[in-house]
Amino acid sequence: MVEPPTGEGQQRADRLRLNLAVAGAVAPGQGTEVIVHNLSVSGVLIETAADLMMGQDITIALPEAGDVVASVVWQSERLYGCRFRQPLPRAALSAARLRNPLPSDFDPADRAEADTDADAEETLGARLRRLRQARGLSLAGLAQAAGLSKPSIWAWENGTTTPRRTSLLALARALDVPEQQLSGVAAMVGLRASARAEADAESDMLKVEIAAARRRIALAAGVDAASVRIMIEL
């Protein structure tokens, strides 16, 4: 589900869960029924029998907003996450809430998150490759969208290395998914373990450098290394 660039709590507050049937069109004269499951000022989650492709535009008739154009940014079976060309007026959100006959019993936008337990054995690399391919992105395309290098993404997908937290966040933004969906519970444990290992390795290297510097200073000063104190200001 596409969300406006605000805090996570505000995103949740601004996103409406709906079960609203509206008219849609993929081309002039090619109408289709659309069910709106989620709505925000920047995007919409719809369900339709129309066969849409990544990047394809669809026109949706929303209360108070009229015909609005949205582009498909992700797809899962008959569910399509779309981004509006222009932000939706907040009055349209209020009108949609009033027009909504009955809230959905479930939120399809959370379906992928709910699959985390079922896919617990899926590795981070496999999940990254699956999400990338589902959005029709090549390695180079995802690298460009995330501001990362193609070799790094290839290595992450193949399990050669593990991305740092900053890289993981960049990938999640580029794929338009929550960080938890991309990382998974098991992967988050792996990332934390990897971060601890990196921190321990850096600490060990620093200790070695300090010990070597202490010996060099002691030799130059003609004193015992135990009497040399090194202070680091941060």
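A contact here means heavy atoms within 4.5 Å. By that criterion, among contacts in the protein chain between residues at least 6 apart in sequence, 54% join residues at least 24 apart. The model in the viewer is predicted.

**Whole chain**

Start with the whole chain in a cartoon view. The protein chain has eight helices and six strands. Followed along the sequence, the pattern reads α-β-β-β-β-β-β-α-α-α-α-α-α-α. Switch to a surface view next: the accessible surface of the protein chain is about 13,700 Å², and 54% of it belongs to carbon and sulfur atoms. Of the 234 residues in the protein chain, 38% are buried.

**Confidence**

Colour by pLDDT before selecting any detail. The average over the protein chain is 76, and 76% of the residues score at least 70. Select residues 1–13, where the pLDDT is below 50; this stretch has 28 contacts in the model beyond near neighbours in sequence. Then select residues 109–120. Here too pLDDT stays under 50, and the model has 19 contacts for this stretch beyond four places in sequence. Where pLDDT is low, the predicted coordinates should not be read in detail.

**The strands and their core**

Select V36, L39 and I46. Within the largest nonpolar core, which has 25 residues, these are the ones with the most contacts. Now add the elements that give two or more residues to this core: strand 1, strand 2, strand 3 (43–48), strand 4 (57–62), strand 5 (66–76), strand 6 (79–84) and helix 2 (90–99). Which element gives the most to this core? Strand 1 does, with four residues.

Move on to L128, L131, L139 and I153. They are included in a second core of 16 residues, separate from the one above. In soluble globular proteins, nonpolar side chains tend to be buried together.

**A loop between two strands**

Go back to strand 1 (16–27) and strand 2 (30–39), and select P28 in the loop between them. Is P28 buried or exposed? P28 counts as exposed because its relative accessibility is 84%, and the cut-off for exposed is over 50%. Draw a distance from P28 to T59: their C-alpha atoms are separated by 9.7 Å, while the two residues are 31 apart along the chain.

**Salt bridges**

How many salt bridges does a search of the whole structure find? The search finds three.

Begin with D57 and R85. Their side chains meet in a salt bridge, at 2.3 Å from N to O. D57 is in strand 4 and R85 in the loop between strand 6 and helix 2, so far along the chain that the pair, 28 residues apart, links distant parts of it. D57 has a relative accessible area of 27% and is therefore partly exposed. R85, with a relative accessible area of 55%, is exposed.Next, select E157, together with R129 and R132. R129 forms a salt bridge with E157, and the closest N and O atoms are 3.6 Å apart. R129 lies in helix 4 (residues 124–134) and E157 in helix 6 (residues 150–157), so this pair ties together parts that are 28 residues apart in sequence. The side chains of E157 and R132 also meet in a salt bridge, at 2.6 Å from N to O. Since R132 lies in helix 4 and E157 in helix 6, the pair ties together parts that are 25 residues apart in sequence. Through shared partners, the salt bridges join R129, R132 and E157 into one network.

Compare the accessibility of these three residues. E157 counts as buried at 6% relative accessibility. R132 is buried as well, with a relative accessible area of 8%. R129 counts as partly exposed, at 26% relative accessibility.

**A nonpolar patch on the surface**

Finish with L206, I217, I230 and I232, shown as surface. These residues form a nonpolar patch on the surface, and together their accessible area is about 340 Å². Pick I230 from the group: I230 is found in the segment after helix 8 (179–221). I230 counts as partly exposed because its relative accessibility is 31%.

How values were computed. Residues numbered from 1 in each chain as written. Predicted model: local features only at pLDDT ≥ 70, side-chain atom pairs only at ≥ 80, totals over all residues. Heavy atoms only, no water. Patch = residues over 30% accessible without salt bridge, like charges linked within 9 Å, V, L, I, M, F, W, Y side chains within 5 Å. Areas by Shrake-Rupley, 256 points an atom, 1.4 Å probe, with all protein chains shown as cover. Salt bridge = Lys/Arg side-chain N within 4 Å of Asp/Glu carboxyl O. Buried < 20%, exposed > 50% of the residue type's maximum accessible area, 1.4 Å probe, protein only. pLDDT = per-residue confidence, 0-100. Core = buried A, V, L, I, M, F, W, Y, C linked by side-chain atoms within 4.5 Å.
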